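Please open the model in a viewer and keep the sequence panel visible. The tour below proceeds by selections, each followed by a description of what is found there.

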Amino acid sequence: MSNPFVRIVEPLDLKQPLKKFFNLSKLEDVRYGRLPFSIRVLLEAAIRNCDEFLVKKGDVENILNWKVMQHKNVEVPFKPARVILQDFTGVPAVVDFAAMRDAVKKLGGDPEKINPICPADLVIDHSIQVDFNRQSDSLQKNQDLEFERNKERFEFLKWGSQAFKNLRIIPPGSGIIHQVNLEYLARVVMDQNGYYYPDSVVGTDSHTTMIDGLGVLGWGVGGIEAEAVMLGQPISMVLPEVVGYKLVGSPQPLVTSTDIVLTITKHLRQVGVVGKFVEFFGPGVAQLSIADRATIANMCPEYGATAAYFPVDDISIGYLIQTGRDKEKVMCTKRYLEAVGMLRDFKNSSQDPDFTQVVELDLHTVVPCCSGPKRPQDKVAVSDMKKDFETCLGAKQGFKGFQIAPDRHNSTVKFNFEGCDFELAHGSVVIAAITSCTNTSNPSVMLGAGLLAKKAVEAGLTVKPYIKTSLSPGSGVVTYYLRESGVMRYLSQLGFDVVGYGCMTCIGNSGPLPESVVEAITQGDLVAVGVLSGNRNFEGRVHPNTRANYLASPPLVIAYAIAGTVRIDFEKEPLGINASGKKIFLKDIWPTRNEIQAVERQFVIPGMFKEVYQKIETVNKSWNALDAPSDKLYTWNPKSTYIKSPPFFDGLTLALQTPKTIEDAYVLLSFGDSVTTDHISPAGNIARNSPAARYLTSRGLTPREFNSYGSRRGNDAVMARGTFANIRLVNKFIDKQGPQTIHFPSGEVLDVFDAAERYKQAGHPLIVLAGKEYGAGSSRDWAAKGPFLLGVKAVLAESYERIHRSNLVGMGVIPLQYLPGEDAGTLGLSGRERYTIIIPEKLKPQMNVQIKLDTGKTFQAIMRFDTDVELTYFHNGGILNYMIRKMA
């Protein structure tokens with residue numbers, strides 16, 4: 001490896017395949033022309049796996065003319081170098097693989113062909129819950145309970161790690177998938193037998209984009225799409241537009257990376273970047289650490305882009321060394337990137353690519369802020385929080401409203417907790433969680449929180465004991481530097497003990513609130529608040545009893561926990577009064593950037609990364625002790641309520657079925673805008689009065705044993721019943737929130753699953769009507785699998801979030817989109833009509849199809865199969881059916 005270019009340049013430098021096919025002499029000097037760096041990585045991956053794709057599309061002369069390429073709908077067969085999975089999405093993926101092996105065997109093929117071809121890492125991070133907190137042994141108790149609840153799932157995953165090649169399992173208790181990817185798994189440049197090429201990744205979690213902060217092109221896909229990639233199928237995508245996001249200026253001293261990302265999230269939602277790449281450039285990028293960039297990239301799904309890319313620069317190279325990567329390999333990485341023109345200097349404007357559109361942010365204009373109370377893009381300056389929350393209280397029910405009557409805005413409820421009397425009001429904080437890889441991956445904000453805690457304790461401030469406080473880091477490295485720097489004990493004194501290494505509160509695994517707190521909230525119909533350093537705050541996600549949830553930096557999480565309410569103006573009102581009667585303001589304890597950076601330089605060192613990660617696969621003794629079968633085919637247990645062979649491949653034959661017109665479909669549900677995948681397929685608690693609860697009770701389980709929807713994604717019977725089961729669901733057919741709909745033939749109001757079952761038994765197909773941004777949020781494939789099992793044949797929406805549309809395609813559910821300027825209102829659709837969707841024999845991408853109503857009205861909609869490959873999947877009934885036929 002002393003002179004790797006002898007082996008690298010010839011097969012992997014882009015000029016070689018391009019020269020071979022296109023004879024473009026300019027490439028000797030220009031190399032990539034003005035292509036965005038993210039597109040360079042995309043094309044590297046495409047050409048490495050499929051040299052001829054550009055020739056097929058007739059874009060020879062335009063390879064370097066980015067703006068021409070954009071308008072040609074070039075279809076790119078992107079084959080990522082790696083796949084990452086987490087356990088909530090990984091379990092159903094391994095279940096599908098096991099069922100696919102059975103199906104291939106039935107069709108006469110070799111079942112072991114169903115096996116990952118590219119490296120796949122599955123990190124178990126979604127199972128642990130905050131059952132215990134504010135105790136020195138909370139971590140051990142939560143981990144023990146996690147194993148007790150999930151032993152069957154873990155045994156199944158351990159079987160998978162042995163039955164499938166190229167599948168590595170990172171045991172529970174190791175950290176959060178995206179932080180582990182950033183600190184340990186990511187290569188930046190792949191080295192395969194001495195041949196180098198850029199690292200790229202897709203993952204079964206929407207926040208896979210976090211790795212874009214390190215210069216690895218990656219994004220989230222549905223589990224279905226990831227399974228196809230693991231089996232060697234490329235992701236076919238139309239060459240995306242790339243929005244250049246120019247950062248200039250320097251952040252103000254009190255501003256954190258969280259404030260920057262919440263500002264960018266709101267800005268890019270306004271710009272509109274769904275389905276596009278965002279690439280960051282400008283001198284301001286050089287002001288940001290890799291952890292800062294990763295925080296911004298992590299929240300890419302919240303602003304709707306496909307990827308949020310920061311090209312590799314010298315700071316990226318420095319981060320690889322800081323996190324304990326092998327120095328010789330890092331230097332080879334740098335030399336390779338220099339050789340192929342992909343090492344970025346953000347201060348050199350001559351390197352700036354051509355972009356579809358350029359938007360700009362002056363970092364100096366960013367102010368401390370939060371986002372909420374119900375969406376990540378609804379940014380609120382901290383200075384406006386009190387006023388904004390009070391406005392939301394009385395505003396009409398919606399994203400920024402709770403519709404509380406004016407005479408109840410100052411209602412209070414007294415309650416007793418552990419022998420002491422307290423009082424709750426609208427705006428009272430009941431959950432304060434430092435959680436999520438979004439922020440715990442960033443030493444500056446974590447050490448900032450630790451230093452703030454130290455100053456708060458020294459000033460005599462405390463957190464009320466009923467507030468559910470927690471700290472769930474994304475890796476053991478965080479605990480290491482918090483402990484070594486001396487701030488961990490102050491965090492513990494304020495109630496922020498380490499409760500687990502996993503997603504926890506960020507994904508709704510918040511655990512129970514104290515009964516007296518729940519009773520007080522219920523009694524007063526209070527808008528109680530959760531404050532978390534996570535990336536999502538959709539309704540019903542964080543906890544059923546917190547109707548308002550705000551995303552904030554870790555230091556602000558602690559500040560609001562001390563204050564006990566979001567109805568506080570930090571500039572004018574004290575955080576608290578200490579035992580001496582002194583008023584303590586937030587400005588008195590907020591650490592300066594210089595303080596934080598000094599501690600970070602001293603205590604965040606390569607040695608701790610090496611120590612934590614060299615034992616990551618063996619450190620969990622409970623995992624090591626698990627006994628799993630070694631058979632290549634899985635033996636399904638009919639008594640299991642966690643792992644069940646899915647019905648997706650029942651009756652599958654080698655012959656294709658011609659897609660048929662959908663006739664006289666009923667509308668199962670009618671939605672407005674921003675229906676999220678949490679609304680469609682919740683991950684949290686299973687309500688005791690739900691169809692899923694009734695099913696589990698019939699199998700002999702008690703409510704204590706229900707666990708969560710997320711943990712039961714390996715059982716289709718639970719997940720079908722959990723589809724559209726979110727307690728905050730707003731269905732236009734019903735005049736209140738809840739998981740119910742009207743069964744039109746009978747006129748009865750039923751749980752959504754029960755209504756769908758009635759329709760299915762009568763042989764009636766179903767569709768769903770929706771507004772803008774349908775399927776916003778996470779990548780969960782069950783948001784497509786669930787509707788498929790309910791009998792939903794198509795969705796008609798104004799627009800889709802990218803991953804969810806792909807998931808619908810993957811399951812053979814037709815994503816239909818209103819023509820520009822049309823929607824249910826303009827077309828006069830009530831949802832009570834019956835819909836016939838005409839499917840022509842010859843289909844082409846994004847063609848218009850005719851829809852006839854039983855009222856006699858007809859209109860057209862766009863069939864959102866965006867590529868020829870997606871149409872192939874549709875003709876096969878979905879991606880997995882296609883792969884089974886291909887393997888058999």
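Select Val557 and display its surroundings in this predicted model. Beyond its neighbours within four places in sequence, Val557 is in contact with Ala432, Ala433, Ile434, Phe496, Val531, Leu532, Ser533 and Ala552. Val557 belongs to helix α22, which spans residues 554-563. Is Val557 buried or exposed? Its relative accessible area is 0%, so Val557 is buried. For a distance across the model, add Pro283: the C-alpha atoms of Val557 and Pro283 are separated by 30 Å, and the two residues are 274 apart along the chain.

Next, select helix α21, residues 515-524. Its buried residues are Ser516, Val517, Val518, Ala520, Ile521 and Gly524. An α-helix has 3.6 residues a turn, so residues three or four places apart point the same way. To see what covers the buried residues of α21, show strands β16 (412-417), β17 (420-425) and β18 (429-434), which are among the covering elements. Then step just past the end of α21 to Asp525, where phi is positive, at about 45°.

Now move to Phe399, in the loop between α16 (385-394) and β16. Its relative accessibility is 30%, and Phe399 therefore counts as partly exposed. Which residues does Phe399 touch, leaving aside its neighbours within four places in sequence? The contacts are Pro373, Lys374, Arg375, Asp378, Asp673 and Ser674. A C-alpha to C-alpha line from Phe399 to Gly534 spans 18 Å, for a sequence separation of 135 residues.

The cysteines come next. How many disulfides does the structure hold? The number is zero. Select Cys506, which is in no disulfide: the nearest cysteine sulfur belongs to Cys503 and is 6.5 Å away. Cys506 counts as buried because its relative accessibility is 4%. Cys118 may be selected as well; its relative accessible area is 10%, so Cys118 is also buried.

Turn next to the open sheet. Five strands form this sheet in the order β4-β3-β2-β7-β8, with parallel pairing. Which strands stand at the edges? They are β4 (167-170) and β8 (217-220); each has a single partner strand, so one side of each is left without a neighbour in the sheet. On average, neighbouring strands of the sheet are turned by 20° against each other, direction ignored. To examine one pairing, display β7 (residues 200-203) with β8: four bridges join them in the parallel sense. Within this pair, Gly203 has Gly220 in β8 as its bridge partner.

Add helix α7 (residues 87-106), which packs on the sheet and touches β2 (82-86), β3 (120-123) and β4. The direction of α7 makes about 110° with that of β2. Then add helix α9 (residues 177-185), which lies across β2, β3, β4 and β7 and runs at about 140° to β2.

The next stop is a barrel. Seven strands close into it in the order β24-β27-β28-β29-β32-β31-β30, and the pairing is mixed. From one strand to the next, the twist averages 40°.

Within the barrel, select β27, residues 766-769. In a regular strand the side chains alternate between the two faces of the sheet. Both faces of β27 are covered: Leu766 and Val768 are buried on one side, and Ile767 and Leu769 are buried on the other.

Show the partners of β27 in turn. Strand β24 (residues 662-670) runs parallel to β27 and is joined to it by four bridges; Val667 has Ile767 as its bridge partner in β27. Strand β28 (residues 792-797) is likewise parallel to β27, with four bridges between them. Across that pairing, Ile767 stands opposite Ala794, and Leu769 has Leu796 as its bridge partner. Follow the chain from β27 through helix α31 (residues 782-790) to β28; this β-α-β crossover is right-handed.

Finally, select residues 693-818. An unreviewed UniProt entry lists this range as "domain: Aconitase A/isopropylmalate dehydratase small subunit swivel". The span is 32% helix and 18% strand, and its end C-alpha atoms lie 36 Å apart.

Terms used:
Residues are numbered from 1 along each chain as its sequence is written. This is a predicted model: local features need pLDDT of at least 70, side-chain atom pairs count only at pLDDT 80 or more; totals for chains, interfaces and linings use all residues. Side-chain values use heavy atoms; hydrogens and water are left out. UniProt positions are given in the numbering used here, feature names are shortened, and annotations may be inferred rather than shown by experiment. Helices (H or I, at least four residues) and strands (E, at least two) are DSSP runs, numbered from the N terminus. Two strands pair if DSSP finds at least two bridges between them. Axes are lines fitted to C-alpha atoms, for helices over the stretch in contact, and angles run from 0 to 180 degrees between N-to-C directions. Buried means under 20% relative accessible area, exposed over 50%, partly exposed in between (1.4 Å probe, protein chains only). Contact means heavy atoms within 4.5 Å. A crossover is right-handed if, with the strands pointing away from the viewer, the path from the first strand over the helix to the second runs clockwise. A disulfide is a pair of cysteine sulfur atoms within 2.5 Å.
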